[in-house]
Amino acid sequence: MNSPFVTVIFGGTGDLAQHKLIPSLFSLFKQGELGQEFFIIGFARRPFTDTEYAHMLGDVTELHSDSKWAEFAKNIYYQQGLFDELAGYEALIRKLNVFDKKIGACITRLFYLATPPDNYLAILENLKNSKLSEGCGPAFAKVTASKQESVGKWVRIAIEKPFGRDLDTAKELDMRLSEIFEEEQIYRVDHYLGKETVQNMIAFRFANNIFEPVWNNNYIDHVQITFAQDEGIEKRGKFFDGVGIMRDVAQNHLLQLLATVAMEQPASFSKEGVRDARAEAIKAIRPIDPNEVSQSIVRGQYKDYTAEAGVAENSQTETYVAMKLFVDTPRFQDVPFYVRAGKKMPKEVIEISIVFIQTCHLLFKEYGCPEIGNVLTIRIQPDEGIKLRVIAKQPGGKVALGAVDMNFSYHQAFGNHGIDAYEKLLMDIFKGDQMLFNRSDELESSWKLISHILKGWESEKSGIPVYEPGTWGPELAKKLIEKDGKKWL
């Protein structure tokens, strides 16, 4: 992190740049993580000078009130351009050359695609046509591993989810990426992999011997994963409609959370060791035949969704999905994973719950046991932490059992909530660490699963079920789990 670098944010005036990337870079700057020399360039179509762009960013996020903002803003620049026209990229080259000349060396370049996915292919094409993908000159042109050092040391590309709309478009995007960049240059961002609690799952499972022996189908009854948002689509109607929560959340966030539970122990705590284990877990998810989608998948749309700005009046886009999935490995054979994601839910909560088999011990048969026994819950949002539900005797003269929770909070235990997900991911990109980023085989396996579901929905003749805002989705979602004799927690 002490080496000079330049970050070019395509979509530099968008929400992601304004509310996530710039604040995260500013936070890293205040922590002294960015080194002495760095340059941040916003690339977008609106006309701004460097000063106007930096001022806009400070106003939108109210960062300008921080005493360090003026110093940070000196490193912010702007390049006007259209994603599908080469002129802007050629002007960007001239700006980058000035930075290289100032430093007297080829500066590491990060191209961050913070745009709607529809722009990805055009940006990639122009990065190639302009030779920006090759670094800062012929001396650093991409070469094979058998020749001189790879351009991967000097150029990196970060690309946000969703990676395609289905299996075919995901493959097309990945093929184009691999034609222009080497795998070690590509950072496919799913920011939930950067969450402190998600990372801690690996440490929690494999550093505590009391849990690993029971992390299997002999002891686990089922797993629940909930991704609930109390807000609607807000101002994202134009993007969200036609995409839906299956593509926007389930294909990436939910399956990545599932993989952290289902993965086997990595061969090593390294980039490829962890990604190998994660990829194998996603690959092992049992496929769903399109003709049988209705048996294990429920979708829904919150009431008045079609009245939202940017949404088609006859839209069938889902704002809720619940799925019953299986991971066909010896460890989790026949253990159901119930996963759900929805908007306009009663509260905002993202958590993983491992529900252990409830076997009322012979000692307590006559006194009765709670319906649900031990549950291990990993809270990702809000108040990151871990909760373990255990059975204890209730106070009093007679024997009666009840469930009590043992809580661990990151904030209470360590005095903070840990580093922000985007701060962590940006630091890893600068360091060249790909452990918390998707690999192409992970994406292909997840899209194979999701594409079958999408195909099944296309053949459904009935309209999408509607649910009331502030509820936990359509009634069918309750039946999905309750028909198995279980309940959503």
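This briefing covers an open sheet, a helix packed on the sheet, and a cavity. The model is predicted, so local features need pLDDT of at least 70 and side-chain atom pairs count only at pLDDT 80 or more, while totals for chains, interfaces and linings use all residues. Residues are numbered from 1 along each chain as its sequence is written, and side-chain values use heavy atoms, without hydrogens and water.

**Sheet**
- Nine strands (DSSP runs of E, at least two residues, numbered from the N terminus) make an open, mixed sheet in the order S14-S13-S12-S11-S7-S10-S9-S8-S15.
- Strands S14 (401–409) and S15 (466–467) are at the edges with a single partner strand each, so one side of each has no neighbour in the sheet; pairing requires at least two DSSP bridges between two strands.
- Strand S7 (residues 220–229) runs parallel to strand S10 (residues 336–343), and seven bridges join them.
- Thr226 has Arg340 in S10 as its bridge partner.

**Helix on the sheet**
- Helix H9 (residues 244–262) touches S7, S8, S9, S10, S11 and S12, where contact means heavy atoms within 4.5 Å.
- The direction of H9 makes about 145° with that of S10.

**Cavity**
- Two cavities of 30 Å³ or more are present; a cavity is a set of points on a 1 Å grid over the protein atoms alone where a 1.4 Å probe fits but cannot get out.
- The second largest has a volume of about 40 Å³, counted as the space filled by probe spheres set on the points.
- Its lining (residues with an atom within 4 Å of a point) consists of Gln224, Ile225, Thr226, Arg340, Glu351, Ser353 and Leu489.
- S7 gives the most to this lining, with three residues.

Notes: Helices (H or I, at least four residues) and strands (E, at least two) are DSSP runs, numbered from the N terminus. Axes are lines fitted to C-alpha atoms, for helices over the stretch in contact, and angles run from 0 to 180 degrees between N-to-C directions. On a 1 Å grid over the protein atoms alone, a cavity is a set of points where a 1.4 Å probe fits but cannot get out, and a pocket is an open set with protein on both sides within 12 Å along at least five of seven lines; lining residues have an atom within 4 Å of a point.
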